[in-house]
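Welcome! Take a moment to look over the structure shown below, and then we will walk through it together.

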Amino acid sequence: MIEDADIILLVGVNPRTEAPVLNSRILKAINKKKAKVLSVGTPADLTYPYTHLGNTASTLSEIVSGKHAVS
């Protein structure tokens, strides 16, 4: 369940406007587990702290291959 996650990676999505139920579950994870939220895509006001990693496919490639700092 997302409420139990330690790290949440958002890719090209703004849950605040696109998925309000998901957004509330992310907030629970932040409050309950001190989850870190990472985002790849256009920066947005998500109403909670997150780390913007970039907005290109190469960022995702680096994460998957283990070459990105968050890997």
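## Strands side by side

Leu-9 stands opposite Leu-38 in strand S2. Keep in mind from the start that this is a predicted model. A second facing couple is Val-11 and Val-40, the latter again in S2. These pairs belong to the match between S1 and S2, which run in the parallel sense and are joined over 5 bridges.

How many strands form the open sheet, and in what order? There are 3 strands, arranged S1-S2-S3, and their pairing is parallel. S1 and S3 (51-54) stand at the edges with a single partner strand each, so each has one side without a neighbour in the sheet. From one strand to the next, the twist averages 25°.

Now look at the two faces of S1. In a regular strand, side chains alternate between the two faces of the sheet. Which residues of S1 are on its covered face, and which on its uncovered one? Ile-8 and Leu-10 make up the covered face, while Ile-7, Leu-9 and Val-11 make up the uncovered one.

## A helix with a buried side

Let us turn to helix H2, residues 20-33. At 1.5 Å a residue, its 14 residues should span 20 Å, and the C-alpha atoms at its ends are 20 Å apart, which agrees.

Which residues of H2 are buried? They are Asn-23, Ile-26, Ala-29 and Ile-30. Looking down the axis of H2, you would find the buried residues within an arc of 115°, so they line one face of the helix. On the face turned away from that buried side, H2 carries the exposed residues Pro-20, Val-21, Asn-31 and Lys-32.

And what covers the buried residues of H2? The cover includes strand S1 (7-11), helix H1 (15-18) and strand S2 (36-40).

## The nonpolar core

The largest nonpolar core has 10 residues: Ala-5, Ile-8, Leu-10, Ile-26, Ala-29, Ile-30, Ala-35, Val-37, Leu-46 and Tyr-48. S1 and H2 each supply at least two residues of this core, and the largest share, 3 residues, comes from H2.

Ile-8 is a good member to zoom in on. Beyond its neighbours within four places in sequence, Ile-8 is in contact with Ile-2, Ile-26, Ala-29, Ala-35, Lys-36, Val-37 and Leu-38.

Leu-46 is another core member, and its place is in the loop between S2 and S3. Is Leu-46 buried or exposed? Its relative accessibility is 3%, and buried means under 20%, so Leu-46 counts as buried. Setting aside residues up to four places away in sequence, Leu-46 touches Leu-10, Asn-14, Pro-15, Arg-16 and Asn-23. From Leu-46 to Ile-63 there are 17 residues in sequence and 22 Å in space, C-alpha to C-alpha.

## Two more buried residues

Asn-14 lies in the loop between S1 and H1. Not counting residues up to four places away in sequence, Asn-14 touches Ala-19, Ala-44 and Leu-46.

Thr-59 has its place in helix H3, residues 57-65. Leaving out residues up to four places away in sequence, Thr-59 touches Val-40, Leu-53, Gly-54 and His-68.

Here is how some loop and helix residues are classed by relative accessibility:

| Residue | Relative accessibility | Class |
|---|---|---|
| Leu-46 | 3% | buried |
| Thr-59 | 7% | buried |
| Asn-14 | 14% | buried |
| Thr-47 | 48% | partly exposed |
| Lys-34 | 65% | exposed |

## Two positive phi angles

The last two rows of the table bring us to a backbone detail. H2 is followed by Lys-34, which is found in the loop between H2 and S2. What is the phi of Lys-34? It is positive, about 55°, although Lys-34 is not a glycine. As the table shows, Lys-34 counts as exposed.

Thr-47 lies in the loop between S2 and S3. Its phi is near 70°, again a positive value in a residue other than glycine. Thr-47 counts as partly exposed.

Note on methods: Residues numbered from 1 in each chain as written. Predicted model: local features only at pLDDT ≥ 70, side-chain atom pairs only at ≥ 80, totals over all residues. Heavy atoms only, no water. Helix = DSSP H or I, 4+ residues; strand = E, 2+ residues; numbered from the N terminus. Expected span 1.5 Å × (residues − 1). Buried < 20%, exposed > 50% of the residue type's maximum accessible area, 1.4 Å probe, protein only. Arc of directions from axis to C-beta. Contact = heavy atoms within 4.5 Å. Pairing = 2+ DSSP bridges. Axes fitted to C-alpha atoms, helices over the stretch in contact; angles between N-to-C directions. Core = buried A, V, L, I, M, F, W, Y, C linked by side-chain atoms within 4.5 Å.
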